[in-house]
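Student: I would like a close look at a single part of this model, followed outward to whatever else can be said with care about its surroundings. Could you take me through it in one connected answer?

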Amino acid sequence: MRNIDYFDKSAGLYPDRAVLKTAQGAITYAAMQRMTHRLAGAMAAAGLQPQEAVAIMSPNHPGVLTAMLSLWRAGAVWIPVNTRNALPDTIAYLRYVRAGWLFYHSSLSAEAHEAARQVPSIRHLICLDAPDAGNPCLDGFMLPADAPDMPDLGSPDGGDRELCAIIATGGTTGPAKGVRALNRSWGTMLESIAMLMAVEEIPVFLATAPLSHAAGPFALAGIAMGATIVMLPAFDAHAVMEAIQTHRVTHMFLPPTALYSMLAHPDVRHYDYSSMRYFLLAGSACSPEKLRQAVEVFGPCLCQSYGQSEFHLIATWLPPEIVAAAAAGDHPERLASCGRATISVRVELMNDDGALLPVGEVGEIVGRGGIVCDGYFEMEEATAEVRTHGWHHTGDIGRRDEHGFFYIVDRKKDMIVTGGFNVFCSEVEAVVSEMAGVHECAAIGIPDEKWGEAVSVLVVADPAKAPDAAAIMAHCKARLGSVKAPKHVFFRENLPRTPVGKFDKKAMRAEFWQGQSRSVN
């Protein structure tokens, strides 16, 4: 089905239920359905073409969800814009996907007008929250309240092969590639989330991470379940804790770094989290020790999934009951796992020659199945490269145990090669994160005359509780051995991140590798 079909199905079942709650008020499914007809009709009347690229550039705001649902009702393709990106990168991406429309928030007015000036394909600018420099606001652009419904553009197969989104990859190795998300693969993802995170009560999803990233599809899965989406404008640990208690939130997605901020908040134990059923962590690896602490604080609701933009969000799944059991001492190693393959995909490990590997061996995580994307937008060579040997290649290195649980070891191109040995950064990071006072850390290789690269860690810690460098190195040596233990420890106030919130290892290494070349196996 199309995204709008999932919404319309829920609107038919729960017309008077709130689909969205924000500081501005609540909107019912019936009211949202009517608004999307009015906005989609206005877009069609203004010349929107089938499968045209429609970009949305905004912090979390009620108009974002309205615009998303409306463009899908009109048969367009969603182009989420990460507002944390540098403007030249955003402009380059909008040129690449040939965006014809740009919905934006007034706080990004200057950026939107500059993008329109530099991207020839942009024909229409709509400001979500207010008229702006001659551009209409969302309400002003919609057709009148008594306008007829937008004609149904669906097909019996649900538009299986139609694009619903082109999603920018979030790496640091060059210009973003556009991931082609089809209705078929996207719908499989939504249905997988809905089945894995089903509840008996009315689901209440908290959207605090940007809808332009993983929080977007997570919220849409909630809509497919008939959920109420409680939207916050941005992540704030205290606001999130208050919202969970006030709105009796059942489902929430956050990246691990946001979880760490909540755990470090002095009031984290002062709120009622008993309504929580699924506190999903995804986007990067979570420290096993922090995950154990989170179960103690938030209860048996913590869960993890693994996926990519190309391998939509939920390729593997570690459910709350497994996490809670591991935190209590039953298979504690599973706190470091991203779970088992979900029903719609086959996940395997592969060596460089294309051979699938048995249990216990380390190799690249590959997959095939319903949630794999349709390749990269107008990049045939890049698409072919990630599909060698008939599988989607994630670029992540992992292993699998005898029970089918996967463990991500590292990025394939992010290993530290020291004295001829491969050291996986995530293993070092997990051990350092066990130590009291350590908020987060990143392992990198820095130049070393003898070993080529020396294992090193950059640490953000509480000055009052932090272990010193010698204690960190000794702890790691005892847990990991001398080869994997860091030889250098650098304390930092914060660590650089990519626009999607992941550690920017390239920026971290630059300080140490200027003027030198780094080889990676």
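**A loop aspartate and the sheets and cavities of the model**

Tutor: Asp374 is placed in the loop that runs between strand E17 (363-369) and helix H13 (380-385), and everything said here about this residue refers to a predicted model. The side chain of Asp374 makes two polar contacts that deserve attention: one with the side chain of Arg180 at 2.9 Å, and one with the side chain of Arg161 at 3.3 Å. If neighbours within four places in sequence are left aside, Asp374 is in contact with Arg161, Arg180, Leu182 and Arg387.

Strand E17, at one end of that loop, belongs to an open sheet of four strands, ordered E16-E17-E18-E19 with antiparallel pairing. The edges of this sheet are strand E16 (345-350) and strand E19 (406-411), each of which pairs on one side only. On average, and with direction ignored, neighbouring strands here are turned by 45° against each other. E16 and E17 run antiparallel and are joined by six bridges, and Val347 has Gly367 of E17 as its bridge partner. Further along the sheet, strand E18 (residues 392-400) is joined to E19 by five bridges, again in the antiparallel sense, with Asp396 bridged to Arg411 in E19. E18 and E19 form a hairpin with five residues between them, and in its turn Gly404 has a positive phi of about 90°.

The model also has an open sheet of nine strands, in the order E2-E1-E10-E9-E11-E12-E13-E14-E15, and here the pairing is mixed. Strand E2 (25-28) and strand E15 (340-341) stand at its edges with a single partner strand each, so one side of each is left without a neighbour in the sheet. Helix H11 (residues 288-298) packs on this sheet, where H11 touches strand E12 (278-281) and strand E13 (302-306), and the direction of the helix makes about 140° with that of E13. At the E2 edge, strand E1 (residues 18-22) pairs with E2 in the antiparallel sense over four bridges, and the bridge partner of Ala18 is Thr28 in E2.

Turning from the sheets to enclosed space, the structure holds two cavities of 30 Å³ or more. The largest has a volume of about 60 Å³, and its lining consists of Ile56, Ser58, Pro59, Asn60, Val64, Met68, Trp78, Pro80, Val81, Leu211 and Ser212. By residue class, that lining divides into eight nonpolar, three polar and no charged residues, while helix H3 (62-73) and strand E4 (77-80) each supply at least two of its residues.

The second largest cavity holds about 40 Å³ of space and is lined by Phe205, Leu206, Ala207, Ala215, Phe218, Ala219 and Phe253. The elements giving two or more residues to this lining are strand E9 (204-207) and helix H8 (215-224), and E9 is also one of the strands of the nine-stranded sheet. The lining of this second cavity divides into seven nonpolar, no polar and no charged residues.

To return to the part you asked about, the side chain of Asp374 has polar contacts with the side chains of Arg161 and Arg180, and the loop that holds Asp374 follows on from E17, a strand of the four-stranded antiparallel sheet.

Conventions:
Residues numbered from 1 in each chain as written. Predicted model: local features only at pLDDT ≥ 70, side-chain atom pairs only at ≥ 80, totals over all residues. Heavy atoms only, no water. Pairing = 2+ DSSP bridges. Contact = heavy atoms within 4.5 Å. Axes fitted to C-alpha atoms, helices over the stretch in contact; angles between N-to-C directions. Polar contact = N/O pair within 3.5 Å; in protein donor to acceptor, adjacent residues only side chain to side chain. 1 Å grid on protein atoms, 1.4 Å probe; cavity = no way out; pocket = protein on both sides within 12 Å on 5 of 7 lines; lining within 4 Å. Points joined across faces, edges and corners; volume = space filled by probe spheres on them. Nonpolar A, V, L, I, M, F, W, Y, C, P; charged D, E, K, R; others polar.
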